[in-house]
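I opened this notebook to record what I looked up in one protein model, entry by entry. Each entry begins with the topic I checked.

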Amino acid sequence: MSKKHHLSKIDISDLSDTQKQNWEKVRDLLTRHLEKKNQRKTPERYAILKVIYSLDGHFDIDHLYRMFKEKQFSVSKATIYNTLEVLLEASLVKKHQFGKVQAFYEKSIFNSNHDHIIMLDEYEIVEFCDPRIEAIKKDYEEALNISIESHSLYFYAKKKTK
Ligand SMILES: [Zn+2]
């Protein structure tokens with residue numbers, strides 16, 4: 001028989017000290033964002049944030065939904081979708097359109113600055129971090145007297161046959 005846990009009872013005893021500190025930091029960022037925007041501090045929003053920050057790499061809404069289902073937490077896909085929109089606005093997650101259909105997400109804090117190569121044949125995502133991109137940004141900031149807030153760069157690639 002399945003039992004539904006109450007979301008506010010998500011405990012953090014299974015986290016290491018660093019993970020706990022990181023969790024407290026992102027939790028506080030979400031709290032500040034929700035207070036600033038006058039939005040409700042629902043346990044679901046915090047539970048979703050916590051699951052996202054326990055993940056490495058990219059995920060989509062279905063992936064999150066399945067994770068909650070496995071843990072027997074009842075969260076609807078609509079709630080997950082709405083929470084992701086809130087987290088995007090709070091700059092706590094990044095959204096990627098790797099393919100044609102669904103969007104992928106990843107945590108933005110405690111995650112290194114990186115860009116993505118999308119392998120078209122096997123639908124694999126390769127992350128890379130190249131300091132030359134930061135140098136290009138700096139050059140344009142100086143040349144145009146601007147401050148670049150963010151960037152979006154995707155390479156779409158196929159494996160060479162020989
Ligand atoms: Zn990534």
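The entries below go from the overall layout to single residues.

**Entry 1: overall layout.** I noted at the start that this is a predicted model. I looked up the secondary structure and found five helices and five strands. Read along the sequence, these elements follow the pattern α-α-α-α-β-β-β-β-α-β. The C-alpha trace spans about 55 × 45 × 30 Å along its principal axes. I then looked up burial: of the 162 residues, 14% are buried. I also looked at contacts between residues at least 6 apart in sequence, and 51% of these join residues at least 24 apart.

**Entry 2: domains.** Where does the domain assignment place domain 1 and domain 2? It gives residues 1–111 to domain 1 and residues 112–162 to domain 2. The C-alpha centres of the two domains lie 26 Å apart. I recorded that four residues from domain 1 and four residues from domain 2 form the contact. On the side of domain 1 that touches domain 2, I noted one nonpolar residue, three polar residues and no charged ones.

**Entry 3: the largest nonpolar core.** I began with a general point: in soluble globular proteins, nonpolar side chains tend to be buried together. The largest nonpolar core here has 19 residues, and Leu30, Ile48, Leu49, Leu87, Leu92 and Val93 touch the most other members. Which elements give two or more residues to this core? They are α1 (17–36), α2 (43–54), α3 (61–70) and α4 (77–89). The largest share, six residues, comes from α2. I followed up Leu49 in particular. Leaving aside residues up to four places away in sequence, Leu49 touches Val26, Arg27, Leu30, Leu87 and Leu92.

**Entry 4: the pair α2 and α4.** Two packed helices are described by the angle between their axes and the distance between the axes. I therefore looked up both values for this pair: the axes of α2 and α4 come within 10 Å and cross at roughly 75°. Because angles of 65 to 115 degrees count as roughly perpendicular, α2 is roughly perpendicular to α4. From α2, the residues Glu44, Arg45, Ile48 and Leu49 meet Thr79, Ile80, Thr83, Val86 and Leu87 of α4. By class, I recorded five nonpolar, two polar and two charged residues in this contact.

**Entry 5: positive phi values.** Most residues other than glycine have a negative phi. I therefore wrote down two residues with a positive value. Ser91 has a phi near 60° and is not a glycine. Ser91 sits in the loop between α4 and β1 (93–96). Is Ser91 buried or exposed? Ser91 counts as exposed, because it has 12 C-beta neighbours inside 10 Å and the cut-off for exposed is 12 or fewer. Asn145, also not a glycine, has a positive phi of about 55°. Asn145 is in the loop between α5 (131–144) and β5 (154–157). With 7 other C-beta atoms within 10 Å, Asn145 is exposed.

**Entry 6: Glu122.** My last search concerned Glu122, which lies in the loop between β3 (115–119) and β4 (124–128). Glu122 is exposed, because 7 other C-beta atoms lie within 10 Å. I also looked up its separation from Lys158: the two are 36 residues apart along the chain, and their C-alpha atoms are separated by 8.8 Å.

How values were computed:
Residues are numbered from 1 along each chain as its sequence is written. This is a predicted model: local features need pLDDT of at least 70, side-chain atom pairs count only at pLDDT 80 or more; totals for chains, interfaces and linings use all residues. Domain bounds come from an automatic or database domain assignment. Two residues are in contact if their C-beta atoms, placed from the backbone, lie within 7 Å. Ala, Val, Leu, Ile, Met, Phe, Trp, Tyr, Cys and Pro count as nonpolar, Asp, Glu, Lys and Arg as charged, and the others, Gly among them, as polar. A nonpolar core is a set of buried Ala, Val, Leu, Ile, Met, Phe, Trp, Tyr and Cys residues joined through C-beta atoms within 7 Å. A residue is buried if 20 or more other C-beta atoms lie within 10 Å of its own, exposed if 12 or fewer, and partly exposed in between; C-beta atoms are placed from the backbone. Helices (H or I, at least four residues) and strands (E, at least two) are DSSP runs, numbered from the N terminus. Axes are lines fitted to C-alpha atoms, for helices over the stretch in contact, and angles run from 0 to 180 degrees between N-to-C directions. Angles under 35 degrees count as roughly parallel, over 145 as roughly antiparallel, 65 to 115 as roughly perpendicular and the rest as oblique.
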